[in-house]
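Reader: I would like a close look at the core here, and at what surrounds it. Please set the scene with the fold, then go residue by residue. Keep the cut-offs explicit.

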Amino acid sequence: MSRIEVDRDRCVGSGTCEALAPAVFEVDDDGVLAVLRPEPAEDELPDVRDAVQACPTRALALAD
Ligand code: SF4
């Protein structure tokens, strides 16, 4: 099971992750990120990997 790790000191609330994987990430109006599914299902992993790659501040990681 893969687990999403967030470095909250780095996250700037850009919403890029939500745009790429809206089932897993949600950024509220104040730019605070919520990880809706910290242990995403297998079929969600491609979108999550895209989000990890695309995060502008490299705040996301996927740990096995
Ligand atoms: S893409 Fe990165 S910086 Fe933007 S909201 Fe997601 S975790 Fe935060």
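Author: The answer below starts with the whole chain, moves into the core, and ends with the loops.

This is a predicted model: local features need pLDDT of at least 70, side-chain atom pairs count only at pLDDT 80 or more, and totals for chains, interfaces and linings use all residues. Residues are numbered from 1 along each chain as its sequence is written, and side-chain values use heavy atoms, with hydrogens and water left out.

First, the fold. The protein chain has 2 helices and 4 strands. These are DSSP runs numbered from the N terminus: H or I of at least four residues for helices, E of at least two for strands. Along the sequence the order is β-α-β-β-α-β. The radius of gyration is 10 Å, close to the 11 Å from the globule rule for 64 residues, so the chain is as compact as a globular protein of that length. That radius is taken over C-alpha atoms, and the rule is 2.2 Å times the number of residues to the power 0.38. The C-alpha trace spans about 30 × 20 × 15 Å along its principal axes.

Contacts reach across the sequence. Of those between residues at least 6 apart, 60% join residues at least 24 apart. Contact here means heavy atoms within 4.5 Å. The accessible surface is about 4,100 Å², and carbon and sulfur atoms account for 44% of that surface. Areas come from the Shrake-Rupley method with a 1.4 Å probe; for residues, only the protein chains shown count as cover. Buried residues make up 28% of the 64. Buried means under 20% relative accessible area, exposed over 50%, and partly exposed in between (1.4 Å probe, protein chains only).

Now the core itself. The largest nonpolar core has 13 residues. Such a core is a set of buried Ala, Val, Leu, Ile, Met, Phe, Trp, Tyr and Cys residues, joined through side-chain atoms within 4.5 Å. Ile4, Cys17, Val24, Phe25, Leu33, Val48 and Leu60 touch the most other members. Two or more core residues come from each of β2 (25–27) and α2 (45–54). The largest share, 3 residues, belongs to α2. In soluble globular proteins, nonpolar side chains tend to be buried together.

Take Ile4 in detail. Setting aside residues up to four places away in sequence, Ile4 touches Val24, Phe25, Val35, Arg37, Pro38, Pro40, Val48, Leu60, Ala61 and Leu62.

What about the cysteines? Cys17 is buried, because its relative accessibility is 10%. Cys55 also counts as buried, at 13%. A disulfide would need a pair of cysteine sulfur atoms within 2.5 Å. The count by that rule is 0.

Next, two buried polar residues. Ser2 sits in the segment before β1 (3–6). At 10% relative accessibility, Ser2 is buried. The Ser2 side chain makes a polar contact with the side chain of Asp64, at 3.1 Å. A polar contact is a pair of N or O atoms within 3.5 Å; within protein, one must be able to donate a hydrogen and the other to accept it, and residues adjacent in sequence count only if both atoms are side-chain atoms. Beyond four places in sequence, Ser2 touches Pro38, Glu39, Pro40, Leu45, Leu62, Ala63 and Asp64. Glu44 lies in the loop between β3 (33–35) and α2. Glu44 is buried too, because its relative accessible area is 16%. With the same exclusion, Glu44 touches Ala23, Val24 and Arg37.

That leads to Ala23, in the loop between α1 (16–20) and β2. At 46% relative accessibility, Ala23 is partly exposed. Outside its neighbours within four places, Ala23 contacts Leu36, Arg37 and Glu44. Its C-alpha is 9.2 Å from that of Val35, 12 residues apart along the chain.

Two more loop residues complete the tour. Val32 is in the loop between β2 and β3. Val32 is partly exposed, with a relative accessible area of 46%. Apart from neighbours within four places, Val32 contacts Glu26 and Val27. Val32 and Cys11 are 21 residues apart in sequence, and 8.5 Å apart C-alpha to C-alpha. Arg58 belongs to the loop between α2 and β4 (60–63). Arg58 is exposed, at 54% relative accessible area. Its phi is positive, about 55°, although Arg58 is not a glycine.
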